[in-house]
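Hi everyone, thanks for coming along. Today I'd like to walk you through one protein, slowly and in plain words, so please have a look at it with me.

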Amino acid sequence: MAVDTIVYEKKAGRTRIAGLKGGDLREVEIIDAGKAGEGNIYLGRITNKIDLANGKIGFFVNIGDSREAFINAEEPGLEELNATIGQDIIVQVAQEQRAEKGARLVRGIQLVGENLVYCPYRMTVEASGKIEDKTRADECRELVLENTTGQEGWIIRTAAVNCPPETLVKEMEDLRGKFNQLRSVAEKNKAPALLLAKFDPLFEYLYKNRGSVRKMAVNSRAVQEEISAKFGDHLVIEITPQPFADHGLDEAIAAALERTVRLKSGGRITIEETKACTAIDVDSGDDNGQGSLGRLNMEAAAEIAKQIRLRNLSGKIVIDFAGASDIHYLKNAIELLEDELRQDYIRSTVYGLSRGGLVEISRMRRRPSLREVMTEECTRCEGTGRVEK
């Protein structure tokens, strides 16, 4: 699912990034600078202690967001602090605030670099599972281990295999210094306080799609110059005041908020987001494919994987494919769905066919869905989509 074009637009504290492939919108991210974004690091204050299931506890933490955030008391590094109400702690946002829930926090801070991830509260050095050259991965791991100081951990990113040793060692020093500076800032501030905002996600998109992106559209000459400095001149960068409008992305985003997606064959997919899960239904509609449900479900499987990424659907997802709910008929569609989701940057697990005939998926939740970002609940129908006659 790598994209070939990235469109970037930053205006009045809001950043929008879109990934396109062959002119088709594949993913979109909208970031509000005023909200606690995933990856941001805060000095927070514990405001309340709550009882969870099975005798476990958690804490509400004020990080200055519109809702108090939550952290599990069993979070690594928290138990050792003997956390209590009124205490200040350094935390990182793992999941952003959703409509009815505050952000979820972790104590295990990660500082992401181009080639490495610094984990100051860990004691391990790990290599990304996506690195195909295991010999080179082992060499990088040994280099990092040799230059590790004290109690700290590292994750070796895929880009590290192409870096000279001195570059990795320099990045280790820079990330370690950034963390020390972060702690220094925390000592001088009162909670709640933002200690470190995640760097512009545009560059994360570029790193993830480094081998496939050929063109960019941005609305800032400063951004163009920074991209050219980091990635050279192999990218065609277009500067325009309205990059989203120029690429017709406002209309594409509006279409991604619709409940129904029409398939080329005439079939259709209906997507319903609820608080418990996302339900997806496939039916033949005006299918002109001579009634081949197998072909319809294959087409639907590819489109569903695309819509999951585009709409940033996460948590529990259940799919009711067309026709008989039997593994004999749905095996190929399920395998295609797995293959397509495997290319996604956010990890998904396809559990297969349930006893009730539904295909069940779990996708890691990091940010709100596109629907949650772009819309709010109707006060008249309270989210049901229906009103009294």
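Let's start with a quick one: in which helix is the place of Leu293? Leu293 belongs to helix H7, which covers residues 293-311. Before I go on, please keep in mind that this is a predicted model.

Let me stay with Leu293 for a moment. Is Leu293 buried, partly exposed or exposed? Leu293 is partly exposed, and its relative accessible area is 36%. Which residues does Leu293 contact, once we leave aside its neighbours within four places in sequence? Those contacts are Ala322 and Gly323. Val261 makes a useful distance check: Leu293 and Val261 are 32 residues apart in sequence, and their C-alpha atoms are 17 Å apart in space.

We just met Gly323, so here is another distance that involves it. Asn82 and Gly323 are separated by 241 residues in sequence and by 56 Å in space, going from C-alpha to C-alpha. Where is Asn82? You'll find Asn82 in the loop between strand E6 (69-72) and strand E7 (88-95). Asn82 is exposed, with 60% relative accessible area.

Now let's zoom out to the whole protein. How many helices and strands are there in the protein? The protein has nine helices and 21 strands. Along its principal axes, the C-alpha trace spans about 65 × 55 × 45 Å.

How does the radius of gyration fit with a compact globule? For 389 residues, a compact globule would have a radius of gyration near 21 Å, and the protein has 23 Å, so the two agree. Of those 389 residues, 43% count as buried. The protein exposes about 20,600 Å², and carbon and sulfur atoms supply 47% of that area.

What about contacts along the chain? If we take contacts between residues at least 6 apart in sequence, 59% of them join residues at least 24 apart.

Charges next. The protein carries 56 positive and 62 negative side chains. The centres of these two sets lie 2 Å apart.

Let's go back to single residues, with Ile90 as our buried example. Ile90 is in strand E7. At a relative accessible area of 11%, Ile90 is buried, because buried here means under 20%. What does Ile90 touch, not counting residues up to four places away in sequence? The list includes Ile41, Tyr42, Leu43, Arg107 and Ile109, and also Leu182, Arg183, Ala186 and Leu195. Take Tyr42 from that list: Ile90 and Tyr42 are 48 residues apart along the chain, yet their C-alpha atoms are separated by 5.7 Å.

Pro165 gives us another pair to look at. Pro165 has its place in helix H2, and at 43% relative accessibility it counts as partly exposed. The C-alpha atoms of Pro165 and Leu143 are 7.4 Å apart, with their positions 22 residues apart along the chain.

On to the cysteines. A disulfide is a covalent bond between the sulfur atoms of two cysteines. How many disulfides does the count come to? The count comes to zero disulfides. Cys140, for instance, is in no disulfide, and its nearest cysteine sulfur, the one of Cys163, is 7.9 Å away. Cys381 is in no disulfide either, and its nearest cysteine sulfur, the one of Cys378, is 3.8 Å away. Why does 3.8 Å not count? The cut-off asks for sulfur atoms within 2.5 Å, so this pair does not qualify. As for their surroundings, Cys140 is buried at 1% relative accessible area, and Cys381 counts as buried at 12%.

Finally, some backbone details. Which two residues are joined by a cis peptide bond with omega of about 0°? They are Ala191 and Pro192. Pro192 is in the loop between helix H2 (165-187) and strand E13 (193-196).

Then look at phi. Ala12 is not a glycine, yet its phi is positive, near 45°. Ala12 is in the loop between strand E1 (5-11) and strand E2 (14-21), and it counts as exposed at 89% relative accessibility. Asn54 also has a positive phi, about 60°, although it is not a glycine. Asn54 lies in the loop between strand E4 (41-51) and strand E5 (57-62), and at 76% relative accessibility it counts as exposed.

That's my tour. Thanks for listening!

How values were computed:
Residues are numbered from 1 along each chain as its sequence is written. This is a predicted model: local features need pLDDT of at least 70, side-chain atom pairs count only at pLDDT 80 or more; totals for chains, interfaces and linings use all residues. Side-chain values use heavy atoms; hydrogens and water are left out. Helices (H or I, at least four residues) and strands (E, at least two) are DSSP runs, numbered from the N terminus. The radius of gyration is taken over C-alpha atoms; the globule rule is 2.2 Å times the number of residues to the power 0.38. Buried means under 20% relative accessible area, exposed over 50%, partly exposed in between (1.4 Å probe, protein chains only). Contact means heavy atoms within 4.5 Å. Accessible areas come from the Shrake-Rupley method with a 1.4 Å probe; for residues, only the protein chains shown count as cover. Lys and Arg count as positive and Asp and Glu as negative; His and the chain ends are not counted. The place of a charge is taken as NZ of Lys, CZ of Arg, CG of Asp or CD of Glu.
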